[in-house]
Amino acid sequence: MSLAFLPRPGVRAKRLDPLAPVPLPDPQRAVAHMAAAVLLRYPDAETRADAATVRAAVGDLPTPVRDRLAGLATTLTDDTTGALQATYVATFDLKRRCAMYLSYYAAGDTRRRGAALVRFVEAYRAAGFETTGDELPDYLPTVLELSARGGEDGARIAAALLGAHRDGIEVLRSALAAQDSPWTAAVEAVCLTLPPVDDATAARVADLVTAGPPAELVGLSGYGSGDDLPWS
C-alpha cells in the first residue's frame with residue numbers, strides 16, 4: 001500500500017511513557033489498523049479523500065483510539081492547500097528518527113537490513129498477501145494493511161511483525177511527538193492497539209533514542225546516505 005508542521009531545528013526525541021493498551025476485538029483492531037495505514041500515507045488528494053471515509057469508519061472505536069484517528073483524518077481533509085505535503089516529506093523522508101521502515105531501527109544501514117527485509121517478504125507470503133507499489137516490505141502502513149486485510153493469518157503474522165519491531169514504533173512515536181507532528185496521533189493509535197511495552201523493549205527504546213540504529217552504509221535507498229541525515 002502506498003500512504004504541516006516543519007520539524008523544529010534541534011528538537012531531540014525523548015522516550016515517552018508507554019501508552020496503556022486499549023482492549024479491542026479483532027474487527028475493531030482491523031478498522032483501527034486500516035485507518036492508521038491510510039492516514040500515514042503521503043497526504044495527496046487521494047489520501048485526503050480517503051481520510052473522510054476513515055473519519056466515518058472509526059466512529060465505533062474506543063474513545064482513545066477513535067479520537068486520535070478521527071482528529072488526524074479531520075486535519076488531512078481540512079488541508080485544502082496541500083501544505084501538509086511538504087511537512088510530510090520533511091518529517092518522514094528527511095528525519096531518520098521518523099522512518100516508517102520498521103527494520104531500520106534494529107538494523108540501520110547495515111548488511112543485516114537485507115536479511116530483515118527478506119523476513120518481511122516471507123511473512124507476507126506466508127499470509128498469502130502480495131505487496132504492490134514502490135515501498136519496502138517493512139513499511140509500517142503495509143504491515144498495518146496486512147493486519148487489517150490479511151484475514152486471521154495476516155492479523156497474526158502482522159501482530160508478530162509489529163511486536164518484534166515495537167521498539168522502533170516507540171522511537172517513531174517519540175520523535176513525532178517531539179516535533180508536534182499531526183501524524184503522532186496515528187502512531188499513538190497503533191500503539192494503543194498493541195500489547196504493553198515490556199522492560200526489555202523499554203530498554204531498547206532508551207538505547208535507540210540515545211544512540212540511534214547501527215551504522216554501516218551500504219547504499220540502501222530511501223534513507224539518505226550518511227552525514228546529511230544525522231540521527232536527530
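Reader: What separates arginine 173 and glutamate 170 in helix H9?

Author: In this predicted model, arginine 173 and glutamate 170 lie about one helical turn from each other, because they are three residues apart in helix H9.

Reader: Why is the contact between the side chains of arginine 173 and glutamate 170 called a salt bridge?

Author: The criterion is a side-chain nitrogen of Lys or Arg within 4 Å of a carboxyl oxygen of Asp or Glu. For arginine 173 and glutamate 170 the N to O value is 2.8 Å, so the pair satisfies that criterion.

Reader: What makes arginine 166 and glutamate 170 a salt bridge, and how are they placed in helix H9?

Author: Their side chains meet at 3.1 Å, N to O, and the cut-off is 4 Å, so the term applies. Arginine 166 and glutamate 170 are four residues apart in helix H9 (residues 166-178), which means that about one helical turn separates them. Arg166, Glu170 and Arg173 are thus linked in a network of salt bridges.

Reader: How do you know whether arginine 166 and glutamate 170 are buried or exposed?

Author: Buried means under 20% relative accessible area. Arginine 166 has 6% and glutamate 170 has 4%, so both count as buried. Arginine 173 is buried as well.

Reader: Why are arginine 41 and aspartate 50 assigned to the classes they have?

Author: The side chains of these two residues meet in a salt bridge of 2.6 Å, N to O. Arginine 41 has a relative accessible area of 8%, so it is buried. Aspartate 50, at 27%, is partly exposed, because its value lies between the limits of 20% and 50%. The structure holds nine salt bridges.

Reader: How do you know that the length of helix H3 agrees with its number of residues?

Author: At 1.5 Å a residue, the 16 residues of helix H3 (residues 63-78) should span 22 Å, and the end C-alpha atoms are 22 Å apart, so the two values agree.

Reader: What makes the buried residues of H3 line one face of the helix?

Author: These residues are Val65, Leu69, Ala70, Leu72, Ala73 and Leu76. Viewed down the axis of H3, they fall within an arc of 165 degrees, and therefore they line one face. The elements covering them include H1, helix H2 (45-57), helix H4 (83-93) and helix H10 (184-192).

Reader: Where does Leu69 stand in the largest nonpolar core?

Author: This core has 63 residues, and Leu69 is among those with the most contacts inside it, together with Leu172 and Trp183. Helix H1 (residues 26-39) gives the most to the core, with eight residues. Residues that leucine 69 touches include Ala32, Val58, Leu61 and Ala186.

Definitions and conventions:
Residues are numbered from 1 along each chain as its sequence is written. This is a predicted model: local features need pLDDT of at least 70, side-chain atom pairs count only at pLDDT 80 or more; totals for chains, interfaces and linings use all residues. Side-chain values use heavy atoms; hydrogens and water are left out. A nonpolar core is a set of buried Ala, Val, Leu, Ile, Met, Phe, Trp, Tyr and Cys residues joined through side-chain atoms within 4.5 Å. Buried means under 20% relative accessible area, exposed over 50%, partly exposed in between (1.4 Å probe, protein chains only). Helices (H or I, at least four residues) and strands (E, at least two) are DSSP runs, numbered from the N terminus. Contact means heavy atoms within 4.5 Å. The expected span of a helix is 1.5 Å times one less than its number of residues. The arc is that of the directions from the helix axis to the C-beta atoms. Lists of a residue's contacts leave out its neighbours within four places in sequence.
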